[in-house]
Amino acid sequence: MDLYGKTIQALDRSLDYANLKNQTIANNIANADTPGYKTETVSFKDTLQETMNAGFTAKRTNSKHLVFGSSEATSEFQVTKQENTSYTNSENNVDIDKEMSELADNQLYYQALVDRMSGKFNSLSKVITGGN
């Protein structure tokens with residue numbers, strides 16, 4: 001029996017993704033003036049597709065419900081370099097405006113995840129303490 005449910009596991013995995021993406025964006029920004037540096041990105045679509053292809057377990061409460069298989073994908077997020085572009089004579093391809101925009105988006109995403117996780121733990125706390 002899973003005490004916290006799948007929601008907290010999904011939130012935890014999402015926080016891992018947001019954290020890795022934040023580190024990658026920060027690294028890109030730090031190397032904006034480094035000759036030959038190539039932008040790195042965190043690949044989420046491949047991981048999502050693998051998870052979608054792997055399926056999930058669904059509980060059937062009615063014989064008319066669709067049947068779903070059960071298995072889990074265990075792949076990690078992938079960081080890839082964008083080797084095919086250059087914006088400067090030094091072969092650097094960091095677009096600082098794009099990176100700053102992605103950083104702001106990722107920070108909002110991360111904060112939303114933290115707020116949701118906090119809400120889940122507050123709900124558990126209320127259940128444990130009887131609502132007091």
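**Helix α1, its core and its aromatic cluster**

Tyr-109 is partly exposed, with a relative accessible area of 34%. This value, like every other reported here, was computed from a predicted model. Tyr-109 belongs to a cluster in which ring pairs also link Tyr-17 and Phe-77. The cluster is described below, after the helix that carries Tyr-17.

Helix α1 covers residues 5-30. At 1.5 Å a residue, its 26 residues should span 38 Å. The C-alpha atoms at its ends are 38 Å apart, which agrees with that expectation. Several residues of α1 are buried. In order along the helix, they are Ile-8, Leu-11, Ser-14, Leu-15, Tyr-17, Ala-18, Thr-24, Ile-25 and Asn-28. An α-helix has 3.6 residues a turn, so residues three or four places apart point the same way. The buried residues of α1 pack against three elements: strand β1 (40-43), strand β2 (78-81) and helix α3.

The largest nonpolar core of the model has 6 residues. Its members are Ile-8, Leu-11, Leu-15, Ala-18, Leu-113 and Met-117. Both α1 and α3 (96-129) supply at least two residues each. The largest share, 4 residues, comes from α1. Met-117 illustrates how the core is joined. With neighbours within four places in sequence left aside, Met-117 is in contact with Ile-8, Leu-11, Asp-12 and Leu-15. Of these contacts, Ile-8, Leu-11 and Leu-15 are also core members.

Contacts between α1 and α3 also involve Glu-102. This residue is in helix α3. Glu-102 is partly exposed, at a relative accessible area of 24%. Residues up to four places away in sequence not counted, Glu-102 touches Lys-21 and Ile-25. Ile-25 is one of the buried residues of α1. Glu-102 and Asn-22 are 80 residues apart in sequence, yet their C-alpha atoms are 8.8 Å apart in space.

Gln-23 offers another view of α1. It has its place in this helix. Gln-23 is partly exposed, with a relative accessible area of 46%. From C-alpha to C-alpha, Gln-23 and Val-42 are 9.8 Å apart in space. In sequence, 19 residues separate the two positions.

Aromatic pairs were searched for across the whole structure, and 2 were found. Tyr-17 and Phe-77 form a tilted pair. The ring centres are 5.2 Å apart, with 55° between the planes. Tyr-17 lies in helix α1, while Phe-77 lies in the loop between α2 (45-54) and β2. The pair therefore ties together parts that are 60 residues apart in sequence. Both partners are buried: Tyr-17 at 11% relative accessibility, and Phe-77 with a relative accessible area of 12%.

Tyr-17 also pairs with Tyr-109. Here the ring centres are 6.3 Å apart and the planes stand at 75°, so the pair is edge-to-face. Tyr-109 lies in helix α3 and Tyr-17 in helix α1, so this pair ties together parts that are 92 residues apart in sequence. Ring pairs thus link Tyr-17, Phe-77 and Tyr-109 into a cluster. A charged side chain is also placed at Phe-77. Arg-13 lies over the face of this ring, at 4.3 Å from the ring centre.

Methods:
Residues numbered from 1 in each chain as written. Predicted model: local features only at pLDDT ≥ 70, side-chain atom pairs only at ≥ 80, totals over all residues. Heavy atoms only, no water. Core = buried A, V, L, I, M, F, W, Y, C linked by side-chain atoms within 4.5 Å. Buried < 20%, exposed > 50% of the residue type's maximum accessible area, 1.4 Å probe, protein only. Contact = heavy atoms within 4.5 Å. Expected span 1.5 Å × (residues − 1). Phe/Tyr/Trp six-rings, centres within 6.5 Å; stacked < 30°, edge-to-face > 60°. Lys NZ or Arg CZ within 6 Å of the ring centre and 35° of its normal.
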